[in-house]
Amino acid sequence: MQQSGPEPVRPDGTGGGGLPEPLIELSDVTVRYGAGPGSVLAVDKFSLAIPQRCFLSIIGPSGCGKSSVLNLIAGYHKPSSGTVRMNGTEIVGPGPERMVVHQQSTALLPWFSAARNVALALTARGQPKAAAREGARHYLNMVGLAGFDDHPIYQLSGGMRQRLALARALATEAKVILLDEPLGAIDALQRAVLQDLLIRLWDETHTCFVMITHSVEEAVYVSTDVISMSARPGRIIRQQKFDFNRSALAGADSHVRASPEFAEAEEELYETLTAASSGKTAPSEGD
Ligand code: ADP
Ligand code: MG
């Protein structure tokens, strides 16, 4: 496979020969907005191989380039240099195999019912209207919105809208769900419930989730892999693996966050991010 720049390191610290192809691969990527002296270097020297089936969270200070990275994978813009590939093929634009869920679910159509918003994704995949309507019910059940089929969007709470946005993203049968601070505007109690929903959907659908979050607790709880980024220009300063989500799936969710191991993991990630914002970067795993 053609590569430019250094070989990406996988979040599990491995890289190179013999391993399965990553789902997404960013190689020596930079993102620069504008040109000349006023231009902004948002992302720099960013190389990452995202394995199939992982739940990757990206965390870092505001303005460090997290959304820029996610938008590269979405195909909303191209890197200024370097390459972004999915299954070895360069990403050149948006596609149904990569769905984005934003914080405020702005892509939902407010004059359509919950079911019609989901059915749209299914008719776009070629399903006849009646089947799409039935299929929409399935996805609404998956996200805990059974019985809300006919509710218009404007009657749904913020948390319900995020559930609906997830249902619609899943209905596309995307290979990767890109989540840009999906729970950023949700109150703390709802947020914990929705974190459990995210883990369950990730597990049930065998999909890859790539999520931006500002919450250390959230990153540690839901993810298999966490990337910490430096302040702008955003670079990867640390990659870590976690498996608290497995314990949560096994039904130990009320104990996971209370465990000393969880507190330790949170503390460590905080320290990494604090060191990054004060200019001292923590070493990458494997260094
Ligand atoms: P994050 O999601 O981590 O908050 P972003 O990726 O949105 O960061 O932005 C990274 C940097 O790039 C910020 O300084 C932001 O102001 C700048 N930026 C983002 N999008 C644009 C754009 N379209 N034009 C100019 N600058 C931009
Ligand atoms: Mg952002």
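Trainee: I gather that helices (H or I, at least four residues) and strands (E, at least two) are DSSP runs, numbered from the N terminus. How many of each does the protein have?

Mentor: There are eight helices and 10 strands. Keep in mind that this is a predicted model, where local features need pLDDT of at least 70 and side-chain atom pairs count only at pLDDT 80 or more, while totals for chains, interfaces and linings use all residues. Residues are numbered from 1 along each chain as written, chains are lettered from A and ligands numbered from 1 in written order.

Trainee: Good to know! Which residues are around ligand 1?

Mentor: Going along the chain, you meet Y33, V40 and A42, then the run S62, G63, C64, G65, K66, S67 and S68, and finally R232. To be in that shell, a residue needs its C-beta atom, placed from the backbone, within 6 Å of the ligand.

Trainee: Which element gives the most to that shell?

Mentor: Helix 1 does, with three residues. Helix 1 spans 66-74, and strand 2 (40-50) also supplies at least two residues of the shell.

Trainee: Let's stay with strand 2. Where does K45 lie, and what is its phi near?

Mentor: K45 lies in strand 2, and its phi is near 45 degrees, a positive value in a residue other than glycine. Most residues other than glycine have a negative phi.

Trainee: What about its surroundings: is K45 buried or partly exposed?

Mentor: K45 counts as partly exposed because 15 other C-beta atoms lie within 10 Å. Buried takes 20 or more such atoms within 10 Å, exposed 12 or fewer, and partly exposed is in between, with C-beta atoms placed from the backbone.

Trainee: Which loop holds E181, and what is its phi?

Mentor: E181 sits in the loop between strand 7 (176-180) and helix 5 (188-205). Its phi is positive, about 45 degrees, although E181 is not a glycine. E181 is buried because it has 20 C-beta neighbours inside 10 Å.

Trainee: And what share of the protein is buried?

Mentor: Buried residues make up 41% of the 287 residues.

Trainee: Switching to helix 2: which of its residues are buried?

Mentor: Helix 2 covers residues 114-124, and its buried residues are A114, A115, N117, V118, A119, A121 and L122. These pack against helix 3 (129-142) and helix 4. A contact here takes two C-beta atoms, placed from the backbone, within 7 Å.

Trainee: What follows helix 2?

Mentor: G126 follows helix 2, with a positive phi near 100 degrees.

Trainee: Now the sheet. In what order do the six strands come?

Mentor: The order is 6-7-8-3-9-10, in an open sheet with mixed pairing. Strand 6 (98-102) and strand 10 (236-241) stand at the edges with a single partner strand each, so one side of each has no neighbour in the sheet. Two strands pair if DSSP finds at least two bridges between them.

Trainee: How many bridges do strand 9 and strand 10 share, and in which sense do they pair?

Mentor: They pair over five bridges in the antiparallel sense, with strand 9 covering residues 225-229. M229 stands opposite I236 in strand 10.

Trainee: What is found in the loop between those two strands?

Mentor: P233 is found in the loop between strand 9 and strand 10. The peptide bond leading to P233 from R232 is cis, with omega near 0 degrees. You have met R232 already, among the residues around ligand 1.
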